[in-house]
Amino acid sequence: MSAFELFFWMGFPYLSLGLLVVGLIWRYRYDKFGWTSRSSQLHESTWLRWASPMFHFGILFVGAGHVMGLLVPKTWTEAAGISQHFYHLMATFGGMGAGIMTVVGLIGLLYRRIVTKSVRFATTRNDVFMYVLLCLPIALGFWATLQHQILGGGGGYDYRESISPWLRSVLAFQPQPELLATVPITFKLHIIAGFLLFAIWPFTRLVHVLSAPVMYPTRPYVVYRSRSEGIRSTATPRGWDPVRTRPQDRDSRSQGA
């Protein structure tokens with residue numbers, strides 16, 4: 001293999017995962033108040049109401065499929081009685097459905113961010129950079145699945161014989177780059193784009209994915225007080241203020257009498 005390929009299949013994964021871990025630790029220690037998704041719901045909610053759940057549920061299903069397909073060995077599913085043909089059908093059509101949900105939701109979020117002026121003005125350069133690197137692996141993974149698993153015929157490409165054992169070898173610190181020698185280029189680009197996304201993850205709004213509302217049920221209530229109430233010595237009486245008669249009105253009534 002060339003030095004270029006050795007870098008991407010041996011060095012780059014560790015560089016990316018190292019940035020992910022170190023960056024998350026740094027962000028948590030020095031930027032806790034910035035650990036947020038910077039929600040733009042106050043600017044617009046109509047598009048957000050359907051696009052955000054569709055994207056988030058879709059990407060969760062996609063992530064679960066990746067974990068099962070890449071980290072669970074083929075021998076384990078066969079030992080559980082799941083044939084390769086059934087697994088291929090489940091992964092292809094289930095993954096395609098989750099991919100469509102993710103892509104449609106992402107298009108809705110991007111359209112909202114571009115078209116709605118207030119949301120567009122609230123978008124930073126960091127957000128634009130993040131969206132570009134988020135769209136790349138999603139688009140490449142969608143295209144790879146469509147090209148090789150659905151339109152390719154012949155049962156599709158069996159990534160569990162090459163990509164899956166390569167990733168497990170990387171995580172075991174015994175990388176085997178030769179396993180990716182015959183992998184289609186679209187899958188290789190999808191892998192590179194995925195690790196690029198992991199590398200920039202801690203430095204964007206994507207950190208909110210690792211947040212969990214564990215303390216939410218026990219947190220204290222948020223108390224709102226008006227500024228005027230805070231400087232009063234006594235509480236404001238309820239009801240209408242009494243109508244007081246002006247002195248000139250009393251004089252005019254007495255003269256008329």
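Let me start with helix α8 and what it packs against. The buried residues of α8 touch four other helices: α1 (3-30), α2 (46-71), α6 (125-150) and α7 (163-171). Please keep in mind that this is a predicted model.

How many of the 16 residues of α8 are buried? The count is twelve, so the helix is mostly covered, taking buried to mean under 20% relative accessible area. The buried residues are T186, F187, K188, H190, I191, I192, A193, G194, F195, L197, A199 and I200.

A quick check on the length of this helix. Helix α8 runs over residues 185-200, and at 1.5 Å a residue its 16 residues should span 22 Å. The C-alpha atoms at its ends are 23 Å apart, which agrees with that expectation.

Next, the aromatic residues. Searching the whole structure gives 17 aromatic pairs. I will describe two of them. A pair of aromatic rings is described by the distance of the centres and the angle of the planes.

One of the pairs is F7 with F8, with centres 5.2 Å apart and planes at 70°, an edge-to-face arrangement. The two residues are covered to unlike degrees: F7 is partly exposed at 40% relative accessibility, whereas F8 is buried at 16%.

The other pair is F198 with W201. Here the ring centres are 6.0 Å apart and the planes meet at 35°, so the pair is tilted. Why tilted and not stacked or edge-to-face? Because stacked planes are under 30 degrees apart and edge-to-face planes over 60, and 35° falls in the rest. F198 is partly exposed, with a relative accessible area of 34%, and W201 is buried, with 16%.

Both pairs belong to one aromatic cluster, whose members are F4, F7, F8, W9, F12, W166, F195, F198 and W201. You have already met F195, as one of the buried residues of α8.

Now the charged residues. Side chains of opposite charge can pair when their charged atoms come close. The structure holds six salt bridges, and I will go through three.

The side chains of D127 and R38 form a salt bridge, with 2.5 Å from N to O. D127 sits in helix α6 and R38 in the loop between α1 and α2, so this pair links distant parts of the chain, 89 residues apart. D127 is buried, at 0% relative accessibility, while R38 is partly exposed at 33%.

D127 has a second partner. R205 meets D127 in a salt bridge with an N to O distance of 3.0 Å. R205 lies in the loop between α8 and α9 (227-231) and D127 in helix α6, so this bridge ties together parts that are 78 residues apart in sequence. R205 is buried, with a relative accessible area of 9%. Taken together, R38, D127 and R205 are linked in a network of salt bridges.

The third bridge joins E44 and R112, at 2.6 Å from N to O. E44 is in the loop between α1 and α2 and R112 is in helix α4, so the pair ties together parts that are 68 residues apart in sequence. Is this pair buried or exposed? E44 counts as buried at 12% relative accessibility, and R112 counts as buried at 2%.

Back to R38 for a moment, for its backbone. R38 has a positive phi of about 50°, and it is not a glycine. Which other residue has a positive phi without being a glycine? F173, with phi near 60°. F173 is in the loop between α7 and α8. F173 is exposed, with a relative accessible area of 67%.

Last, the surface. W47, W50, I100, V104, Y111, I114 and V115 make a nonpolar surface patch of about 640 Å². Which helices supply at least two residues each? They are α2 and α4 (84-115). The largest share, five residues, comes from α4. W47 is in helix α2, and W47 counts as partly exposed at 31% relative accessibility. The cut-off for joining a patch is over 30%, so W47 passes on that point.

Conventions. Residues numbered from 1 in each chain as written. Predicted model: local features only at pLDDT ≥ 70, side-chain atom pairs only at ≥ 80, totals over all residues. Heavy atoms only, no water. Expected span 1.5 Å × (residues − 1). Buried < 20%, exposed > 50% of the residue type's maximum accessible area, 1.4 Å probe, protein only. Contact = heavy atoms within 4.5 Å. Patch = residues over 30% accessible without salt bridge, like charges linked within 9 Å, V, L, I, M, F, W, Y side chains within 5 Å. Areas by Shrake-Rupley, 256 points an atom, 1.4 Å probe, with all protein chains shown as cover. Salt bridge = Lys/Arg side-chain N within 4 Å of Asp/Glu carboxyl O. Phe/Tyr/Trp six-rings, centres within 6.5 Å; stacked < 30°, edge-to-face > 60°.
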